[in-house]
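Student: I have a protein model open in front of me, and I would like to learn how to read its features one at a time. Could you take me through them slowly?

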Amino acid sequence: MFSALNPLIMFKLITVTILTLALSACTQKFNDVNATLDEALFGAEDVALTSDKIAELPYASSFVRINDGAQLFMVLAFAEPKPATGVMQLKWLSSDKAMIVTENGRVVKTLGLAQVNLQSIDPSTKTAPAFAELLQKQISRNASYSWKTINHYLYHYQADITPIISTSELITTPLWKKKTTLIYETVNIKSLDTSFTNRYWVDKQGDVVKSVQYLGPKLGKIEMTILKPFSL
């Protein structure tokens, strides 16, 4: 499933290598950039890259922490509209080829996580409201959650999702500092008699710059901070 990613990644590596050689005659500088690319694309846990090294990479990128584990550096492997809705899906890839798929900042699918993966979140309407819309009006909605565990598929658990606009908070990363609005989304799954709450830090443009999201009730947590955002 992940083998299709390799040609794209190799193309990016070759392109950046050629550009780096053309722009710099400094061997040490080239070695530094090459090492940074290797770490970013195939890299390590507990990543603590400097702002300069992150800025050098020509990819959208993020810091991700799964289940309170080590901080990972993930790059954007694909950005493509979802055929059914036209909403842009961003597909973030880790060093061990796990993937997190987001739509408008929400995690909607995961692949390659160890214990459980989110198969889909299907809104009852065509698309879930973007956060720019939620900043203007708190819109409750319904959705259907499906998961895949090691031994089972769990399909179509209906959820009621209620947003609450909370406080303003300043978020800082190695590349930027932004004033944001914290928005909670409480997900209530009546058939399981349980609920959980996701948190999203949204900038004035309505873009999610940081989030803490749960795959489901007691099914895993993903903390994600966007470093370099995707742009068309």
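Tutor: Let us start with strand S12 in this predicted model. A residue counts as buried when its relative accessible area is under 20%, and by that test six of the eight residues of S12 are buried, so the strand is largely enclosed by the rest of the structure.

Student: Which residue found in strand S12 could I look at as an example?

Tutor: Take Thr 225, which is found in strand S12. Its relative accessibility is 14%, and because the cut-off for buried is under 20%, Thr 225 counts as buried. Leaving aside the neighbours within four places in sequence, Thr 225 is in contact with Ser 62, Phe 63, Thr 173, Val 209 and Lys 210.

Student: Which strands pair with S12, and over how many bridges?

Tutor: To read a pairing, one looks for the partner strand, the direction and the bridges. Strand S1, residues 61-66, is joined to S12 by six bridges and the two run antiparallel; within this pair, Ser 61 stands opposite Lys 228. Strand S11, residues 208-214, pairs with S12, residues 221-228, also in the antiparallel sense, over five bridges. In that second pair, Gln 213 has Ile 222 as its bridge partner, while Val 212 stands opposite Glu 223.

Student: What connects S11 and S12?

Tutor: The two strands form a hairpin, with six residues between them, and in the turn Lys 218 has a positive phi of about 60°.

Student: Why does a positive phi deserve a remark?

Tutor: The general idea is that most residues other than glycine have a negative phi. Two further cases can be found in loops of this model. Asn 104, in the loop between S4 and S5, has a phi near 50°, a positive value in a residue other than glycine. Asp 193, in the loop between S9 and S10, has a positive phi of about 50° although it is not a glycine.

Student: Are these two loop residues buried, partly exposed or exposed?

Tutor: Here we need the upper cut-off as well, since exposed means over 50% relative accessible area and partly exposed lies between the two limits. Asn 104, at 39% relative accessibility, counts as partly exposed, whereas Asp 193, at 72%, counts as exposed. For the protein as a whole, buried residues make up 43% of the 232 residues.

Student: In what order do the strands stand in the sheet?

Tutor: The order of strands in a sheet need not be read from the sequence alone, and it is better to follow the pairings from one edge to the other. The protein has four helices and twelve strands, and the twelve strands form an open sheet in the order S5-S4-S3-S2-S1-S12-S11-S10-S9-S8-S7-S6, with antiparallel pairing. Strand S5 (106-111) and strand S6 (116-123) stand at the edges with a single partner strand each, so one side of each has no neighbour in the sheet. From one strand to the next, the twist averages 30°.

Student: How much space lies in the largest pocket, and which residues lie nearest its centre?

Tutor: When reading a pocket, one asks about its volume, then its lining, and then the kinds of residue in that lining. The largest pocket holds about 530 Å³ of space. It is lined by 24 residues, of which Leu 90, Asn 104, Gly 105, Asp 207 and Val 208 lie nearest its centre, so we meet Asn 104 again here. At least two residues of this lining come from each of strand S3 (88-93), strand S4 (99-103), helix H4 (131-136), S11 and S12. By kind, the lining divides into 14 nonpolar, six polar and four charged residues.

Student: What can be said in the same way about the second largest pocket?

Tutor: About 290 Å³ of space lies in the second largest pocket. It is lined by 26 residues, and those closest to its centre are Glu 103, Val 108, Ile 121, Pro 123 and Ala 128. The largest share of this lining, four residues, comes from S6, and the lining divides into 13 nonpolar, six polar and seven charged residues.

How values were computed. Residues are numbered from 1 along each chain as its sequence is written. This is a predicted model: local features need pLDDT of at least 70, side-chain atom pairs count only at pLDDT 80 or more; totals for chains, interfaces and linings use all residues. Side-chain values use heavy atoms; hydrogens and water are left out. Two strands pair if DSSP finds at least two bridges between them. Axes are lines fitted to C-alpha atoms, for helices over the stretch in contact, and angles run from 0 to 180 degrees between N-to-C directions. On a 1 Å grid over the protein atoms alone, a cavity is a set of points where a 1.4 Å probe fits but cannot get out, and a pocket is an open set with protein on both sides within 12 Å along at least five of seven lines; lining residues have an atom within 4 Å of a point. Grid points are joined across faces, edges and corners, and a volume is the space filled by probe spheres set on the points. Ala, Val, Leu, Ile, Met, Phe, Trp, Tyr, Cys and Pro count as nonpolar, Asp, Glu, Lys and Arg as charged, and the others, Gly among them, as polar. Buried means under 20% relative accessible area, exposed over 50%, partly exposed in between (1.4 Å probe, protein chains only). Contact means heavy atoms within 4.5 Å.
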